[in-house]
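Biologist: Could you walk me through how to read a model like this one, feature by feature? I would like the general idea and then the case at hand.

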Amino acid sequence: MTGRLQDKVALIIGAARGIGEGIAERFVEEGARVVIADTEVEAGCETAKRLGGLFVETDISRMDHTERAVRTAIDGCGGLGILVQNAGIYPWTLIEKISPEEWDKVLAVNLKGTFLAARAALPHMKAQRFGRMVFTSSITGPRVTSPGHGHYSASKAGINGFIKSAALEFSGYGITVNGIEPGNILTSGVKMHRSEAFIRSMEEAIPLGRLGSPRDVANCALFLASDDASYITGTTIVVDGGQTLPEGADFRINPE
Ligand SMILES: NC(=O)c1ccc[n+]([C@@H]2O[C@H](COP(=O)([O-])OP(=O)(O)OC[C@H]3O[C@@H](n4cnc5c(N)ncnc54)[C@H](O)[C@@H]3O)[C@@H](O)[C@H]2O)c1
């Protein structure tokens, strides 16, 4: 199917690479104009150029940057129908070693950034009585976790709580707010921040037998951003290849 986002403008934060880039690409395939907002200028410009969109340098943890990103979409593309806040960081640190500064940084990007993005997009979406907000959460925090993810888990569980509040508050304005909980998606970020052994162990834990791709998540974001999801708000969809299903480690009891 094509044209599911025809004539829509989408601001995608954290889209220079990885899952966000995959979402931007998928949206463009369906007719959207995209604005890529990211801290990484070179990669962000390249992605925007490749997809025929705009780039705006944005640190999502800063309110002035977030507001500038929204203005770029409105002034540069004539509107803003879809907001995707996907930027996130995931340093691996055991709780006993997490400094207050590192804690604040993870919460500032992942959780405060999500609030700032919603707050910045709200006035425009409220005025036009339409909006789709999609936030990238994670299975890590809301459903499962592993050592080294104390701050990250807290930030992602916080996003799920925020989604519910925002969905309720914005429901009278024709704005839906939903989230995606990806499982283990193979991105450059994961390759940079996680060991080969960790990645292999995750792969073995996935019933569908492979790590996810940015496109797997992008297809879900497309659904939530499209008219097909117009009656869905305040919820999250797990995209994890079944990773959160098994009760125990020996789930391949019937390999047939
Ligand atoms: N990859 C996974 O397995 C996985 C699983 C669950 C959830 N997630 C979430 O998906 C999102 C993307 O993950 P990814 O693996 O593609 O990561 P990635 O590191 O490959 O890409 C993240 C992008 O966000 C940008 N970014 C980082 N900090 C930013 C900031 N302060 N302001 C604006 N942009 C910023 C980066 O420059 C980069 O372009 C994150 O929120 C992550 O927590 C990823």
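Modeller: Gladly, and let's begin in the interior. This is a predicted model, and its largest nonpolar core has 61 residues. The residues with the most contacts inside that core are Ala-10, Leu-11, Ile-12, Ile-13, Ile-23, Ile-36 and Ala-221. The largest share of this core, 9 residues, is supplied by H4.

Biologist: Let me take one of those core residues. What is Ala-10 in contact with, leaving aside its neighbours within four places in sequence?

Modeller: The list for Ala-10 is Leu-5, Phe-27, Ala-32, Val-34, Gly-81, Ile-82, Val-84 and Ala-225.

Biologist: Now to the helix you mentioned. How do I read the span of H4 from its first C-alpha to its last?

Modeller: Compare the reach with what the residue count predicts. H4 runs over residues 100-128. Its 29 residues reach 41 Å, close to the 42 Å expected at 1.5 Å a residue. Now look along its axis as well: H4 bends by about 40° at Leu-122, and Pro-123, a proline, follows within four residues.

Biologist: Which residues of H4 are buried, and which elements do they pack against?

Modeller: The buried set in H4 is Val-106, Val-109, Asn-110, Leu-111, Gly-113, Thr-114, Leu-116, Ala-117, Ala-118, Ala-120, Ala-121 and Met-125. Their partners are strand E1 (9-13), helix H3 (63-77), strand E4 (82-85), strand E5 (131-136), helix H5 (150-170) and strand E6 (175-182).

Biologist: Ala-127 lies in H4 too. Is Ala-127 buried or exposed, and why?

Modeller: Here we count neighbours. Ala-127 counts as exposed because it has 10 C-beta neighbours inside 10 Å, and the cut-off for exposed is 12 or fewer. For a sense of distance, Ala-127 and Ile-12 are 115 residues apart in sequence, with their C-alpha atoms 20 Å apart in space.

Biologist: And what about Arg-62, by the count of C-beta atoms within 10 Å?

Modeller: Arg-62 has 15 other C-beta atoms within 10 Å, so it is partly exposed. Its place is in the loop between strand E3 (54-57) and H3. Arg-62 also shows how sequence and space can be read together: Gly-113 is 51 residues away in sequence, while the C-alpha to C-alpha distance is 7.5 Å. Gly-113 is one of the buried residues of H4.

Biologist: Next, backbone angles. What should I keep in mind about the sign of phi?

Modeller: Most residues other than glycine have a negative phi. Two residues here are worth a look on that account. Arg-129 is not a glycine, yet its phi is positive, about 55°. Arg-129 follows H4 and sits in the loop between H4 and E5. With 10 C-beta neighbours inside 10 Å, Arg-129 counts as exposed. The other case is Asp-7, whose phi is also positive, near 65°. Asp-7 lies in the segment before E1 and counts as exposed, with 11 C-beta neighbours inside 10 Å.

Biologist: Can we try a second helix? How many residues of H8 are buried?

Modeller: H8 is mostly covered, with 9 of its 12 residues buried. They are Pro-214, Asp-216, Val-217, Ala-218, Cys-220, Ala-221, Leu-222, Leu-224 and Ala-225. These residues pack against E1, H1, E4, E5, E6 and strand E7 (236-239). Helix H8 spans residues 214-225 and reaches 16 Å, close to the 16 Å expected.

Biologist: Which residues are closest to the ligand?

Modeller: Of the 29 residues that surround the ligand, the closest are Gly-14, Gly-18, Ala-87, Gly-88 and Gly-189. The elements giving two or more residues to that shell are helix H1 (18-29) and helix H6 (188-193). By type, the shell divides into 11 nonpolar, 14 polar and 4 charged residues.

Biologist: Last, the segment after E7. What does Phe-251 touch there, not counting residues up to four places away in sequence?

Modeller: Phe-251 touches Pro-207 and Pro-246. Phe-251 counts as partly exposed, with 13 C-beta neighbours inside 10 Å. Asp-250 lies in the segment after E7 as well, and Asp-250 counts as exposed because it has 7 C-beta neighbours inside 10 Å. As for distances, the C-alpha atoms of Phe-251 and Tyr-173 are separated by 45 Å, and those of Asp-250 and Ser-61 are 41 Å apart.

Note on methods. Residues are numbered from 1 along each chain as its sequence is written. This is a predicted model: local features need pLDDT of at least 70, side-chain atom pairs count only at pLDDT 80 or more; totals for chains, interfaces and linings use all residues. A residue is near a molecule or strand if its C-beta atom, placed from the backbone, lies within 6 Å of it. Ala, Val, Leu, Ile, Met, Phe, Trp, Tyr, Cys and Pro count as nonpolar, Asp, Glu, Lys and Arg as charged, and the others, Gly among them, as polar. A residue is buried if 20 or more other C-beta atoms lie within 10 Å of its own, exposed if 12 or fewer, and partly exposed in between; C-beta atoms are placed from the backbone. The expected span of a helix is 1.5 Å times one less than its number of residues. The bend at a residue is the angle between axes fitted to the seven residues ending there and the seven starting there. Two residues are in contact if their C-beta atoms, placed from the backbone, lie within 7 Å. A nonpolar core is a set of buried Ala, Val, Leu, Ile, Met, Phe, Trp, Tyr and Cys residues joined through C-beta atoms within 7 Å.
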